[in-house]
Amino acid sequence: MAKTETLHVFWHPDVLKHDMGMAAFEIPPYPFLAVAEKHTEGPDRVRNMLSILKDGPLAKQIKWHKGRQATRDELLTFHTPGFLADLERVTKSKGRGKWYTRTTLFTPKSYGPVKAAAGTAIAAMDHMLDGKGKLTYALVRPPGHHASPDTADGYCFLNNTALAAQRAIERGAKRVAILDWDVHHGNGTQEGFYHRNDVLTVSFHMDHGAWHPKFHPQTGKANEVGKGRGKGFNLNVPLPMGTSDSGYLKAMREIVVPAVNAYKPEVILVANGQDANQFDPNGRQLVTMAGFRALADEARKLAQKHTGGRLVAVQEGGYQVTYAALCMHATLEGFLNTGPLLKDEIAFYPDDLSHAAPAIAAIKRTRGKALGRAAR
Ligand SMILES: [Zn+2]
């Protein structure tokens, strides 16, 4: 992409209206603590992402588009009728709403906002598929990649990225690749496409394992490679805590890029989380602005090779309200190939490959074994 490439950003203000309120980090407040804080997944994080795009150095390259609410039929392309009925029941209820997990509250006012996030992701996909823009980005919240077809999990209710992928399939795409570099395992996306070969699901994540037998039974380990027709089309890249830029980049270049090249996707979707950054309250990785820019650079090269430079990004996590916005900006710089436009004045933890390198070698071995072939 030339330096003059336009970034088409899809935005709907209703996404700010889902609010889990005050919290003890991410669970309901303790009554005996004097200071409650805002829930980690609050609207402020995306407000900063919005303002940095409106007022920051990329502003001139951005064309803004209004998002929209997803329809029920669109949601049913990924989610089950029973789950939607549950969300609808909570919407009509009185009181605070339903805690799907201890960290994940769906309030009676949440359905409009989450449908706005889902519909805005689908609109960004449609815009790209219609040939109106090569590079589209849905700036949405709450995130979606933990939402499986039949349940909410980990702040996520509707799987925005999966719904956008499903849209591409329904419009005729034969192979869609999802690159998810949110710091957590994209378990809901994995679950939804685990038996299918028309969507390659790739998830980079810190090696946190399964966190709940019902909501997140998937382990995120490298031996979860897909089943049946889907065997080989789920790629997990669990990186040890403390992985920094060079570890992420090595995994991208040595594991993910070859897998995507072999798959030859017609559509590339990025589940664009920044919670692998050095200061994220929900992540224990050490990625900097330069690291996100470099990851996006690799994604851009994959798009140039396979999709004529077309790529759709959907916002996922990223919770430290300052650095997540800066890292998101750096990611978009990578997609646009602008080079660094913002200086990183915050990061200071050193880049160190020493413990990520053996883990990356182990991922290759484990995956090769699970697929019954020598690791590449
Ligand atoms: Zn995350």
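**Exercise 1.** In this predicted model, is Ala123 buried or exposed?

*Solution.* Start with the location: Ala123 sits in helix H4, which covers residues 111-129. Next, count its surroundings: 23 other C-beta atoms lie within 10 Å of Ala123. The cut-off for buried is 20 or more, so Ala123 is buried.

**Exercise 2.** Find which residues Ala123 is in contact with, leaving aside neighbours within four places in sequence.

*Solution.* Skip those neighbours and you're left with Phe10, Gly67 and Arg68. Then look at Trp11: the C-alpha atoms of Ala123 and Trp11 are 9.7 Å apart, though 112 residues separate the two in sequence.

**Exercise 3.** Work out which helix gives the largest share of the largest nonpolar core.

*Solution.* First, get the core itself: it has 105 residues, and Ala121, Ala124 and Ala164 are among those with the most contacts inside it. Then split it by element: H4 comes out on top with 11 residues. Now take Ala164 and drop its neighbours within four places: its contacts include Ala121, Ile122, Ala124 and Met125, plus Leu269, Val312 and Val314. As a bit of background, nonpolar side chains in soluble globular proteins tend to be buried together.

**Exercise 4.** Check how the radius of gyration of the chain fits a compact globule.

*Solution.* For 376 residues, the globule value would be near 21 Å; the chain has 19 Å, so the two agree. For the extents, the C-alpha trace spans about 55 × 45 × 45 Å along its principal axes. On burial, 53% of the residues count as buried. Finally, among contacts between residues at least 6 apart in sequence, 74% join residues at least 24 apart.

Note on methods. Residues numbered from 1 in each chain as written. Predicted model: local features only at pLDDT ≥ 70, side-chain atom pairs only at ≥ 80, totals over all residues. Rg over C-alpha atoms; globule rule 2.2 N^0.38 Å. Buried ≥ 20, exposed ≤ 12 C-beta atoms within 10 Å, placed from the backbone. Contact = placed C-beta atoms within 7 Å. Helix = DSSP H or I, 4+ residues; strand = E, 2+ residues; numbered from the N terminus. Core = buried A, V, L, I, M, F, W, Y, C linked by C-beta atoms within 7 Å.
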